[in-house]
Amino acid sequence: MDLKQLVKHQVFNAPLSSIKLDEKCVINTINPHSYCVTKEDAVFKAALLAGDVLLPDGSGIVLATKVLTGKKIDKIAGADIHQYLLTQANKHKQRVFYLGASTATLQLIEARIQKEFPGITVGSYSPPYKPTFTKEDTRAMLAAVSVFKPDFLFVGMTAPKQEKWVYTNKEQIDATVITSIGAVFDFYAGTVKRSSPFWIKIGLEWLPRLVREPKRLWRRNFVSTPSFLWALVKAKVS
């Protein structure tokens, strides 16, 4: 994936209000780590590029856009699109469905939705926790979504599995807006703490998370970040 072409033509740089929410739409996010993963995962790359909206969920993507195109854009995290879509759903009394995470986490999410967004009708389904899904697993997941018929479907099964699942099954998913937001399920449920607004504002949201979860996040910060910065340098001088 050519970095300059990505930030110039693929990465979203408009207000969220410009996204059409009344027609089938797949929203993905990209950060430096996921960009690096696409170098080794062709299906993940295809999934990100095939979506209708690719949000800049990472200060590295914001930096690359500035360096390579001269445009200043805002970082839009998965938590940001989640909050925006919940606000819209509450306003229009729409249906929201969560696919992913444990039953306990989903129960916490539903309880919070009912308290904070009483206009929303919410549902959820917890798929089996495994690296890949069987055809039977996928049929059950699609059936759960189809029965509920959500306006907004949030998929939280970790990247790149979630994006690839949506990409493979898009035509069978009976939902209008589909967005993969991974860790946001845990943030919203309160089972994992998101970094404070201070760290988010200065572009270091990753740092407190790294301190809390070094084993899980070391690779994206100490391998993917330098790799991404090197790709940015090469794109700038080429």
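Colleague: Let's start with the sheet: in which sense do β3 and β4 pair, and over how many bridges?

Modeller: Happy to help, and keep in mind that this is a predicted model. Strand β3 covers residues 95–100, and L99 stands opposite Y125 in β4. The two strands pair in the parallel sense, and the count is 5 bridges.

Colleague: Which strands stand at the edges of the sheet?

Modeller: The open sheet has 6 strands in the order β2-β1-β6-β5-β3-β4, with parallel pairing. The two at the edges each have a single partner strand, so one side of each is left without a neighbour in the sheet. They are β2 (53–56) and β4 (121–125).

Colleague: By how much are neighbouring strands of this sheet turned against each other on average?

Modeller: Here we take the sheet order β2-β1-β6-β5-β3-β4 and look at how each strand sits against its neighbour. With direction ignored, the average turn is 20°.

Colleague: Nice. Which strands does α7 touch, and what angle does its direction make with that of β3?

Modeller: Two helices are worth looking at together here. α6 lies across β3 and β4 and runs at about 175° to β4. α7 packs on the sheet as well, touching β3, β4 and β5, and its direction makes an angle with that of β3 of about 170°.

Colleague: Now for the charged side chains. How far apart in helix α6 are R112 and E116?

Modeller: Side chains of opposite charge can pair when their charged atoms come close. R112 and E116 do meet in a salt bridge, at 2.9 Å from N to O. R112 is partly exposed at 32% relative accessibility, and E116 is partly exposed at 36%. Both belong to helix α6 (residues 103–116), and about one helical turn separates them because their spacing is 4 residues.

Colleague: In the salt bridge of D137 with K130, is D137 buried or exposed?

Modeller: The closest N and O atoms of D137 and K130 are 3.0 Å apart. K130 counts as partly exposed, at 28% relative accessibility. A residue is called buried under 20%, and D137 has a relative accessible area of 14%, so D137 is buried.

Colleague: And K149 with D174: how many residues apart in sequence are the parts that this pair ties together?

Modeller: The side chains of K149 and D174 meet in a salt bridge of 2.8 Å, N to O. K149 lies in the loop between α7 (135–148) and β5 (152–156), while D174 lies in the loop between α8 (161–169) and β6 (177–180). K149 is partly exposed at 48%, and so is D174 at 31%. The parts tied together are apart in sequence by 25 residues.

Colleague: How many salt bridges does a search of the whole structure find?

Modeller: The ones we have gone through include R112 with E116 and K149 with D174. A search of the whole structure gives a total of 5.

Colleague: Turning to the surface, which residues form a nonpolar patch with about 340 Å² of accessible area together?

Modeller: One of them is found in helix α12 (residues 214–237), namely W230. At 53% relative accessibility, W230 counts as exposed. The patch is made of W230, V233 and V237.

Colleague: Last one: what share of the 238 residues is buried?

Modeller: The protein has 12 helices and 6 strands. Its accessible surface comes to about 12,300 Å², with 56% belonging to carbon and sulfur atoms. Of the 238 residues, the buried share is 47%.

Terms used. Residues are numbered from 1 along each chain as its sequence is written. This is a predicted model: local features need pLDDT of at least 70, side-chain atom pairs count only at pLDDT 80 or more; totals for chains, interfaces and linings use all residues. Side-chain values use heavy atoms; hydrogens and water are left out. A salt bridge is a side-chain nitrogen of Lys or Arg within 4 Å of a carboxyl oxygen of Asp or Glu. Buried means under 20% relative accessible area, exposed over 50%, partly exposed in between (1.4 Å probe, protein chains only). Two strands pair if DSSP finds at least two bridges between them. Axes are lines fitted to C-alpha atoms, for helices over the stretch in contact, and angles run from 0 to 180 degrees between N-to-C directions. Contact means heavy atoms within 4.5 Å. Patches are made of residues with over 30% relative accessible area and no salt bridge: like charges are joined within 9 Å, nonpolar side chains (Val, Leu, Ile, Met, Phe, Trp, Tyr) within 5 Å. Accessible areas come from the Shrake-Rupley method with a 1.4 Å probe; for residues, only the protein chains shown count as cover.
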